[in-house]
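Let's take a walk through this model and look at how some of its helices pack, with a stop at a pocket along the way.

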Amino acid sequence: MNLTLPIELKAKLDKELGNEVEYLVPLSDLSYWKIGGLAQCVVSPNSLKSLQKALKITSEFSELPRLIIGDCSNLLFDDEGYNGILIKLGNGLNELRFENDEVYCEAGVWVPELAFHCFRRGLAGIEHICGIPGRIGGLVFMNGGSQRRGILENVVSVDVITEKGEMKNIEASNIEHSYRVSPFQGKPLVIAAVRLKLERSTRAIVRKRMHEILASRRKKFPRKLPNCGSVFLSNPKMYDVIGPPGFAIEKVGLKGKRRGNAQISELHANFIVNLGGAKSVDVLYLINLAREEVKKQTGFSMDCEVRYVSPEGQLMQAHEYTQSLFDIA
Ligand SMILES: Cc1cc2nc3c(=O)[nH]c(=O)nc-3n(C[C@H](O)[C@H](O)[C@H](O)COP(=O)(O)OP(=O)(O)OC[C@H]3O[C@@H](n4cnc5c(N)ncnc54)[C@H](O)[C@@H]3O)c2cc1C
């Protein structure tokens, strides 16, 4: 892939944001799955001001795809790369402030670090996030969590930047959410910061709870090979009759199934691991196969938690893309 960004855009980015901008960045280095071609441009703002500048400059080139990302722990990029601009919110936006029983976190705060600071202060309520990789902005977007919980259960308010570049504070009463669903999905809003409500407890209690959660994750989840966590969302109806997605995939005989260097994990069938040099198309094939087989043998549909990012800039649940790609008959 060659650099095809408009010259005026590159000149503006270089002038205004300097070393916060990189070009032709291998997505396989950024993503947890270690998959993906080159991105035309990645901007990693080191302050809220830089983020606003990056949004302003790039919105003048609205024909170019643009996506906000955190640690890419829930994203599948394409081997063809990304023909646009990724704005990566990480360490440059990591202010963390405790105020009584609340915590204010900028979007780039690393989730395990937030959990650690809650433990240090003996604050409970979000222990379930302690083993989840990624940044708090991504967690809020996904309404991520574990133990069948989601981070938005604890939300007080979220600061977002609108398409027009305005900062807006959204109160919890206006943030409807459900299992892995947030109102930020499908909207052109940038999550800049979040305020969460916690409960007073003790360090010992919070530590015990976190240890239990981490120990159970260590036992169940593949840790040595690149992966993106759970691929499929739990379908509550299927859960009652068959069980969670990993169990259903195992039941239909696909645990350990390989395509190229992608494999449905032998340890936990709701994970797809990269054995080394896996292609996006291999992962998409396995996603489609697992979904189709479970549907055929059990009658239940499983939708993806993992998002696929197309080279042209579309973002969708990965199964939405695979449906048109493969004929597994
Ligand atoms: C080993 C492993 C275990 C995991 N376990 C869990 C788990 O137990 N529970 C769980 O819920 N998830 C889990 N995940 C998935 C993932 O870690 C979470 O979804 C995480 O919250 C994503 O954060 P991120 O910073 O990596 O976001 P990314 O993957 O970079 O982005 C995810 C989505 O959020 C959007 N986004 C990110 N930041 C912003 C922002 N600031 N503003 C607007 N949109 C934004 C992106 O556009 C994208 O659509 C796991 C992943 C791995 C690799």
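Start with helix 9 (residues 280-298) and helix 10 (residues 318-325), which pack at an angle of about 90° with their axes 9 Å apart. An angle from 65 to 115 degrees counts as roughly perpendicular, so helix 9 is roughly perpendicular to helix 10. Keep in mind that you're looking at a predicted model here.

Who does the touching? On the helix 9 side you'll find Leu284, Ile287, Asn288 and Arg291. They meet Ala318, His319, Tyr321, Thr322, Gln323 and Leu325 of helix 10. Sort the residues of this contact by class and you get five nonpolar, four polar and one charged.

Now swing over to helix 4 (residues 111-120) and helix 6 (residues 203-220). Their axes come within 8 Å and cross at roughly 145°. Helix 4 brings Ala115, Phe119 and Arg120 to the contact, while helix 6 answers with Arg203, Val206, Arg207 and Met210. The class split for helix 4 with helix 6 is four nonpolar and three charged, with no polar residues.

Next, back towards the start of the chain numbering, to helix 1 (residues 7-17) and helix 3 (residues 48-59). The axes of this pair come within 10 Å, crossing at roughly 165°. Anything over 145 degrees counts as roughly antiparallel, which means helix 1 runs roughly antiparallel to helix 3. As for handedness, helix 1 passes helix 3 in a right-handed crossing. From helix 1, the contact takes in Leu9, Lys12, Leu13, Glu16 and Leu17; from helix 3 come Ser50, Lys53, Ala54, Ile57 and Thr58. By class, that contact of helix 1 with helix 3 holds five nonpolar, two polar and three charged residues.

Stay with helix 3 for a moment, since that helix also takes us to the pocket. Which element gives the most to the lining of the second largest pocket? That's helix 3, with four residues. The pocket itself has a volume of about 160 Å³. Among the residues lining the second largest pocket are Gln52, Leu55, Lys56 and Ser59, along with Arg66. Further along the numbering, the lining also includes Ile161, Thr162, Glu163, Lys164 and Gly165, and then Pro188 and Val190. By class, the lining of this second largest pocket divides into four nonpolar, four polar and four charged residues.

How values were computed
Residues numbered from 1 in each chain as written. Predicted model: local features only at pLDDT ≥ 70, side-chain atom pairs only at ≥ 80, totals over all residues. Heavy atoms only, no water. Axes fitted to C-alpha atoms, helices over the stretch in contact; angles between N-to-C directions. Helix = DSSP H or I, 4+ residues; strand = E, 2+ residues; numbered from the N terminus. Parallel < 35°, antiparallel > 145°, perpendicular 65-115°, else oblique. Left-handed = near helix turned anticlockwise from the far one by under 90°. Contact = heavy atoms within 4.5 Å. Nonpolar A, V, L, I, M, F, W, Y, C, P; charged D, E, K, R; others polar. 1 Å grid on protein atoms, 1.4 Å probe; cavity = no way out; pocket = protein on both sides within 12 Å on 5 of 7 lines; lining within 4 Å. Points joined across faces, edges and corners; volume = space filled by probe spheres on them.
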